[in-house]
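Please find below a short note on the structure, set out as numbered points. It is intended to be read with the sequence and the model at hand.

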Amino acid sequence: MAFAVMHYFVYILYSHRLDRFYVGMTGDIQTRLLQHNHPIDPVKFTSRGVPWILFLSIQCESNCQARKMERIIKDKKSRVFIQNLKRYPELIENTLKQASDC
């Protein structure tokens, strides 16, 4: 019997309407993006930014690593850091290493 391998991702969305980024984690980026762009709750932050586009996705080795990676990015509170993640792949690798002690 074969087991499906679960992938975890940290994703960064961008809204032109808000000129803001949103950072989250998921096992299914496409479904999550659809949920952000078709919100059930109009009070949620992401409902104001529709349409959201996928700016960057980062595959992680585990749920734990994805949660830590998400927290590192959010704690920076830095637009420049997010833009640099896309610009410099080595920054992603270094940040993933920081988040790998699960």
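**Notes on helix packing and the core**

1. Helices α2 and α4 pack with their axes 9 Å apart, at an angle of about 115 degrees. The crossing of these two helices is right-handed. From α2, the residues Q65, M69 and I72 make the contact, and from α4 the residues I92, T95, L96 and Q98. The reader should bear in mind that this is a predicted model.

2. M69 appears again in the largest nonpolar core, which has 20 residues. The residues with the most contacts inside this core are V10, I12, I58, M69 and I73. At least two core residues come from each of β1, β2, β3, α2 (63-76), α3 (79-87) and α4 (89-98). In soluble globular proteins, nonpolar side chains tend to be buried together.

3. V10 deserves a separate look. When neighbours within four places in sequence are set aside, its contacts include V23, M25, L56 and I58. A66, M69 and I73 are also among the residues that V10 touches.

4. Helix α1 (residues 29-37) has the buried residues I29, L33, H36 and N37. These residues lie on the same side of α1 because they cover an arc of only 90 degrees around the axis. An α-helix has 3.6 residues a turn, so residues three or four places apart point the same way.

5. Which strands do the buried residues of α1 pack against? They pack against β1 (8-15), β2 (20-26) and β3 (52-60).

6. The N-terminal end of α1 is capped by D28, which has a side-chain oxygen 3.4 Å from the backbone nitrogen of Q30.

Methods:
Residues are numbered from 1 along each chain as its sequence is written. This is a predicted model: local features need pLDDT of at least 70, side-chain atom pairs count only at pLDDT 80 or more; totals for chains, interfaces and linings use all residues. Side-chain values use heavy atoms; hydrogens and water are left out. Buried means under 20% relative accessible area, exposed over 50%, partly exposed in between (1.4 Å probe, protein chains only). Helices (H or I, at least four residues) and strands (E, at least two) are DSSP runs, numbered from the N terminus. The arc is that of the directions from the helix axis to the C-beta atoms. Contact means heavy atoms within 4.5 Å. A polar contact is a pair of N or O atoms within 3.5 Å; within protein, one must be able to donate a hydrogen and the other to accept it, and residues adjacent in sequence count only if both atoms are side-chain atoms. A nonpolar core is a set of buried Ala, Val, Leu, Ile, Met, Phe, Trp, Tyr and Cys residues joined through side-chain atoms within 4.5 Å. Axes are lines fitted to C-alpha atoms, for helices over the stretch in contact, and angles run from 0 to 180 degrees between N-to-C directions. A crossing is left-handed if the near helix is turned anticlockwise from the far one by less than a right angle, and right-handed if clockwise.
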